[in-house]
Amino acid sequence: MSQVLIEVEHLRKSFGGFRAVDGLSFSVSKGEVLGFLGPNGAGKSTTMKMLTGFLTPSAGRARICGAEISDDLLEVRENIGYLPEGAPAYGDMTPGQFLRFIAQVRGYEKQAANKAIADAVAKTQLQSVLDQPIDTLSKGFKRRVGIAQAILHNPPVLIMDEPTDGLDPNQKFAVRRLITAMAKEKAIIISTHILEEVEAVCTRALIIDQGRIVADGTPAELIARSRYHNAVTLEVATGDADLIRQGLKEIEGAGDISEVAMNAASKRITVFPKDPETLLIDDVAIVSTEKHWPIKSLYAEAGRLDEVFRSLTTSDAGEQGAVS
Amino acid sequence: MKQMIAVLRRELVGYFATPLAYVFIVLFLFSMGAFTFYVGNFYEAGNADLSSFFGFHPWLYLFFIPAISMRLWAEEQKSGTIELLMTLPIPLWSMVTGKFLAAWAFTGLALFLTFPIWLTVNYLGDPDNGVIFASYIGSFFMAGGYLAIGSCLSALTRNQVIAFVLSVVICFLFTVSGLPLVLDFFSSWAPKILVTTIASFSFMTHFEAIMDGVIDLRDIVFFITLISLWLTVNAIVLDQKKAG
């Protein structure tokens, strides 16, 4: 049985009449990377702010490494590394000065501080900008300064609000690799808008909407909820589409069929299984071979996380549009 | 304690990281000189003392101190670093005291740099240096009082301009509450005890007592109590923000 480091029970936060977080319960064990997914305003950041003690919950409780956030906040904070949304840092300081300040606050003696800073700098690749004021750094470096600050004391619990926001693809890859590398020793929560990130780093994901958990599972489980799970897509010439669609309908277990024109010459036809657990790919392949359909490509869909996300969340129409 | 020193040092480094601190000190010294020599008629008075210098301190602090204190918490809230600071394992009182002491030390430095005026008066005449020393101490404590007010009000808002204006107004009330202008307004109808209470809150009353060369413990206690009270309220304001 793995060690549970974060326990949250019925956590709730209201601002005036508005319920930002409405009774969240979950736990995170050592070795897990939990992803918070949800539209803007779903309550992801508010939940993180409560766990780190920046906001006081209206109701409910949470324990970090066994310490209650309601009565032992300083101990809780000792055990957490936190990257707040937007990675705020003192702009007039250099990353070197800033990390030294964090090390001092965290109670490191000079020698130990040097080592901790060097470690965090190496992991986040900040060597080249250590002596430049943070204000003058690019978004990617600022974010990495924030991450370095959070991991400096090698905390058992790491909470990061959009750790890869504003990074270029290479930097995103580096940060994800860093998170994965640390995952074994820690309980990690990250929030993200980027669905592929969930598949890349998270061992489990919560989809949060209007302050409630609407889905909880491994990325694979969430993807399996997609309509596209086990569907088969064929890319065919436009002229052959009607014939092929007819043929697909006759396959046992086939349900809906959708058709998307890719360009003037070709179409993409997707056949969905009636029962999500039916594997259609074999049957489709056999039929297509038997009937000598001229097919450009044929593949089974694993499922689409963005589609699951859209079907489960409702709170912000603009955000849903952006995700597709 | 360690954390308080870390906060204090960070804050002090912050002052000198930008030209702001240097601009402030130059302007402060310039104004001090201008008021002492031109408005206070330091030479014409012909007295070997610094009363024309210290007399202006409350009025200059009224604008200079809020300019220092306005950024203490407002800037943290504006830039979001407050979330970073408040989620580090630092006791609230350490943050409040650390920041306050940094601002106070900075003010102390500015005040210390007025020493040429002390050299001048010693060169020109034979002043009572005990009185001057006492006045410096008094001025320093008074500056602490203004700073504590400013720090607390800075926690109320994320806008530095609002923090500045609020601080000037509240500091003004604490400055003038001992002047006849204010007391006459109350004395016609209010009970005497209320009038003396209002007067006793005046920075001027306490500072002028010290300027006479007598460091009465009560005057120092007044400023220390006032600083503690405002810093306590400061911490309460910050704590309340957690409720959202």
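Visitor: Hi! Which residue in strand 9 of chain A is the bridge partner of Gly35(A)?

Guide: Hello! That would be Ala205(A). Keep in mind that this is a predicted model.

Visitor: Noted. How many bridges join strand 3 of chain A to strand 9?

Guide: There are four, and the two strands run parallel. Strand 9 of chain A covers residues 204-209.

Visitor: And which way does strand 3 of chain A pair with strand 8, parallel or antiparallel?

Guide: Parallel, over five bridges, with strand 8 of chain A spanning residues 187-192. If you want a landmark in that pairing, Phe36(A) has Ser191(A) as its bridge partner.

Visitor: Is strand 3 of chain A mostly covered or mostly open?

Guide: Mostly covered: five of its five residues, 33-37, are buried.

Visitor: Which residues of strand 3 sit on which side?

Guide: Val33(A), Gly35(A) and Leu37(A) are on one side, while Leu34(A) and Phe36(A) are on the other. Both faces are covered. As background, side chains in a regular strand alternate between the two faces of the sheet.

Visitor: Nice. Let's move to another sheet. What is the strand order in the open antiparallel sheet that has strand 2 of chain A in it?

Guide: The order is 2-1-4-5, four strands of chain A. Strand 2 (18-29) and strand 5 (67-68) are at the edges with a single partner strand each, so one side of each has no neighbour in the sheet.

Visitor: What packs on that sheet?

Guide: Helix 1 of chain A, residues 44-51, packs there and touches strand 1, strand 2 and strand 4. The direction of helix 1 makes about 115 degrees with that of strand 1 of chain A.

Visitor: How many bridges pair strand 1 with strand 4 of chain A?

Guide: Five, in the antiparallel sense, between residues 4-15 and residues 59-64. For example, Ile6(A) is partnered with Ile64(A).

Visitor: Where are the edge strands in the sheet with the order 12-13-11-14?

Guide: That open, antiparallel sheet of four strands in chain A has strand 12 (254-261) and strand 14 (295-300) as its edge strands. From one strand to the next, the twist averages 15 degrees. Strand 12 and strand 13 (residues 266-273) of chain A pair over six bridges, and Glu259(A) stands opposite Ile269(A) of strand 13.

Visitor: Which helix lies across strand 11, strand 13 and strand 14 of chain A?

Guide: Helix 10 of chain A, residues 281-290, running at about 160 degrees to strand 14.

Visitor: Zooming out, how many helices and strands does chain A have?

Guide: Twelve helices and 14 strands. Chain A has 324 residues, and 52% of them count as buried.

Visitor: Now chain B. At what angle do helix 5 and helix 10 pack?

Guide: At about 40 degrees, with the axes of helix 5 (residues 57-69) and helix 10 (residues 129-155) of chain B 9 Å apart. These two helices are therefore oblique to each other, and their crossing is right-handed.

Visitor: Which residues of helix 5 of chain B make the contact?

Guide: His57(B), Pro58(B), Tyr61(B), Leu62(B), Ile65(B), Ile68(B) and Ser69(B). From helix 10 of chain B, the contributors include Met142(B), Tyr146(B) and Leu147(B).

Visitor: How many residues of that contact are nonpolar, polar or charged?

Guide: Nine are nonpolar, six are polar and none are charged, counting helix 5 and helix 10 of chain B together.

How values were computed
Residues are numbered from 1 along each chain as its sequence is written. Chains are lettered from A and ligands numbered from 1 in the order in which they are written. This is a predicted model: local features need pLDDT of at least 70, side-chain atom pairs count only at pLDDT 80 or more; totals for chains, interfaces and linings use all residues. Side-chain values use heavy atoms; hydrogens and water are left out. Buried means under 20% relative accessible area, exposed over 50%, partly exposed in between (1.4 Å probe, protein chains only). Two strands pair if DSSP finds at least two bridges between them. Axes are lines fitted to C-alpha atoms, for helices over the stretch in contact, and angles run from 0 to 180 degrees between N-to-C directions. Angles under 35 degrees count as roughly parallel, over 145 as roughly antiparallel, 65 to 115 as roughly perpendicular and the rest as oblique. A crossing is left-handed if the near helix is turned anticlockwise from the far one by less than a right angle, and right-handed if clockwise. Contact means heavy atoms within 4.5 Å. Ala, Val, Leu, Ile, Met, Phe, Trp, Tyr, Cys and Pro count as nonpolar, Asp, Glu, Lys and Arg as charged, and the others, Gly among them, as polar.
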